[in-house]
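Reader: I would be grateful for a close look at one part of this model, namely its strand pairing and the spaces beside it. Please set that part in the context of the whole, and explain your reasoning where a cut-off matters.

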Amino acid sequence: MTPPAGPGPHRDSTPWWKDATFYQIYPRSFSDSNGDGVGDLRGVIDRLGYLELLGIDALWLSPVMRSPMADHGYDVSDPRDIDPLFGDLQDMDDLIREAHARRIRVTMDLVPNHTSDQHPWFRAALASGPGSPERDRYIFRDGRGPNGDLPPNNWPSIFGGPAWHRVTEADGRPGQWYLHIFAPEQPDLNWENDDVFEDLAATLRFWLGRGVDGFRIDVAHGMAKPAGLPDMDLANNQIMDNDENDLRFNDPGVHAIHRRIRAVMNEFPDRVTIGEIWVKDNDRFAEYIRPDELHLGFNFRLAEAAWDVREIRDAIDNSLIAVESVGGTATWTLSNHDVPREVTRFGGGAVGQARARAMILVELALPGTAFLYNGSELGLPNVDLPDEALQDPTWERSGHTERGRDGCRVPLPWQGTTPPYGFSTNPDTWLPMPDDWTDLTAEAELEDLRSTLTLYRTALELRRTRPEFRGDAIEWYGSPRPGTAAFRRVGGRLTCVVNASDTPVELPEGELILASASLVDGLLPPDAACWLA
């Protein structure tokens, strides 16, 4: 299956992904075609016209592989099949074909750190017992203490609680423990066992052969574990977080794994890997995107920055520095399925909406690859869900102290004035939809020239077609007043100004080509950004 040619007049001499705009689809929340209240692949196909109109270059599909859904698809039981919740292989083939016909590429999630506990390998490991080749594919260890009653080390799970689970052996006695950095239903693989890589290579070739254009690699800074699995310092441990000295992640051995993955990817020209890399040290981050490892690495600094120009500027500078030493491409994102939506993060309500609109102009003005999360183009906020609706494993594993990520995963509103807003024919959607999203539906915003959706469409069209967006570097513009910042694309001469102060500001010279809010007497208002050519 032939991928589409890279769009845009100034992209011909560079890899298609180098300045592409990716749109992340969280499939269960995007569009439901069969009325079960859960989004699916046919729902994505039905909305390809909308995505083409939006102007994106590529899709990133969150997990659709076969899974018991203990962690909404990140617990994979068969990596070379589609889960019936989302459809089947024919649906995936149809999606790839129809997306390519619209010049939209398709990438999908890959989960190499762990499998589901329902994977045939793990079932065989439990049945085969200690010391078996089947058990060696995972990280099983004897417990500590007189009867092995204590976990092998003190590592916690990212979702809360210990990172070890004790099994009952075939004879009924308490047995070994296995490592699960995430939920107990997600046992970590042993990447020192070559069976593990060979199986992943088979998965890569399976999907690439069907026309998939690449992979977003989940927990790309995981997989390798330190020798001996020593205890870790828990002083800074937090649920859903890891620091620079966390022994569970960023072990140097992970780079040999990525080089092997890249060797398989090189068999399929013009495909891309994008690593989820929660590593803040710039030098260590750069190691992941050396020429023989990942093509791209998610840098989350902009998604973590507050509405403060110093934080925004530091996030941009650090992201560019992180790739400079290895000639890599910067990536930019403001939210995803694990990160609270920007409207809520920037204050909520009208203020949060205004700041989110400003920040998308900042993101799309920067050189590199942009990632959008489904619903951000509608200006959706996080939803404060009732306790009984929460499904994120973090909620249960934390003893109901961490509400988890469900608030940014609520289904998208497409049309109409009441839930489920055209997302499904079934009002009982997998997460409940709020009653006050009437003005945030795609239908309503397509008809409103001042909407966030219109802003996104206009910005993406300009980014794709205007020569001002050339160049791989930026320079900060002049000495803006406190609370404001401006940068210029070196080579293309686009200037972006952002005003995070509480008063309107004068703009530098240039033609105004787009603003996130109307100017006031020629001045850029607070909580706004604009582009000048």
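Author: Two strands are said to pair if DSSP finds at least two bridges between them. The model is a predicted one, and the strand pair β14 and β15 is a suitable place to begin. These two strands run antiparallel and are joined by 4 bridges, which satisfies the criterion of at least two. Within this pairing, Trp476 stands opposite Phe487 of β15.

β15 spans residues 484–490 and is mostly covered, with 6 of its 7 residues buried. Strand β16 (residues 495–499) also pairs with β15, in the antiparallel sense and over 5 bridges. One of the facing pairs here is Ala485 with its bridge partner Val498 in β16. The hairpin of β15 and β16 has 4 residues between the strands, and in this hairpin Gly491 takes a positive phi near 110°. As a general point, strands of a sheet pair through backbone hydrogen bonds, either parallel or antiparallel.

The domain assignment places this region in a wider setting. The protein is divided into domain 1 (21–114 + 194–227 + 237–458), domain 2 (120–179) and domain 3 (472–532). The second largest pocket lies between domain 1 and domain 3, because both give residues to its lining. About 410 Å³ of space lies in this pocket. Its lining has 21 residues, of which Lys18, Pro367, Gly471, Asp472 and Ala473 are the closest to its centre. Two elements, α9 (309–324) and β14 (473–476), each give two or more residues to that lining. Strand β14 thus appears in two roles: it contributes to the pocket lining, and it pairs with β15. The largest share of the lining, 4 residues, comes from α9. By class, the pocket lining consists of 8 nonpolar, 7 polar and 6 charged residues.

The largest cavity offers a point of reference for this pocket. Across the whole structure, a search finds 8 cavities of 30 Å³ or more. The largest cavity holds about 180 Å³ of space, and 16 residues line it, with Pro79, Val111, Thr115, Leu189 and Asp199 the closest to its centre. Helix α5 (residues 194–209) supplies the largest share of that lining, 4 residues. The lining of the cavity divides into 11 nonpolar, 4 polar and 1 charged.

Domain 2 completes the context. Its centre and that of domain 3, taken over C-alpha atoms, are separated by 56 Å. An open sheet of 3 strands is found with the order β6-β8-β7 and antiparallel pairing. In that sheet β6 (140–141) and β7 (164–168) each have a single partner strand and stand at the edges, so one side of each is left without a neighbour in the sheet. The antiparallel pair of β7 and β8 (residues 174–179) is joined by 4 bridges, and His165 stands opposite Tyr178 in β8.

The loop between β6 and β7 contains Asn153. This residue has 3% relative accessibility and therefore counts as buried, the cut-off being under 20%. A polar atom of the Asn153 side chain lies 2.9 Å from the backbone nitrogen of Trp155.

Methods: Residues numbered from 1 in each chain as written. Predicted model: local features only at pLDDT ≥ 70, side-chain atom pairs only at ≥ 80, totals over all residues. Heavy atoms only, no water. 1 Å grid on protein atoms, 1.4 Å probe; cavity = no way out; pocket = protein on both sides within 12 Å on 5 of 7 lines; lining within 4 Å. Points joined across faces, edges and corners; volume = space filled by probe spheres on them. Nonpolar A, V, L, I, M, F, W, Y, C, P; charged D, E, K, R; others polar. Domains from an automatic or database assignment. Buried < 20%, exposed > 50% of the residue type's maximum accessible area, 1.4 Å probe, protein only. Polar contact = N/O pair within 3.5 Å; in protein donor to acceptor, adjacent residues only side chain to side chain.
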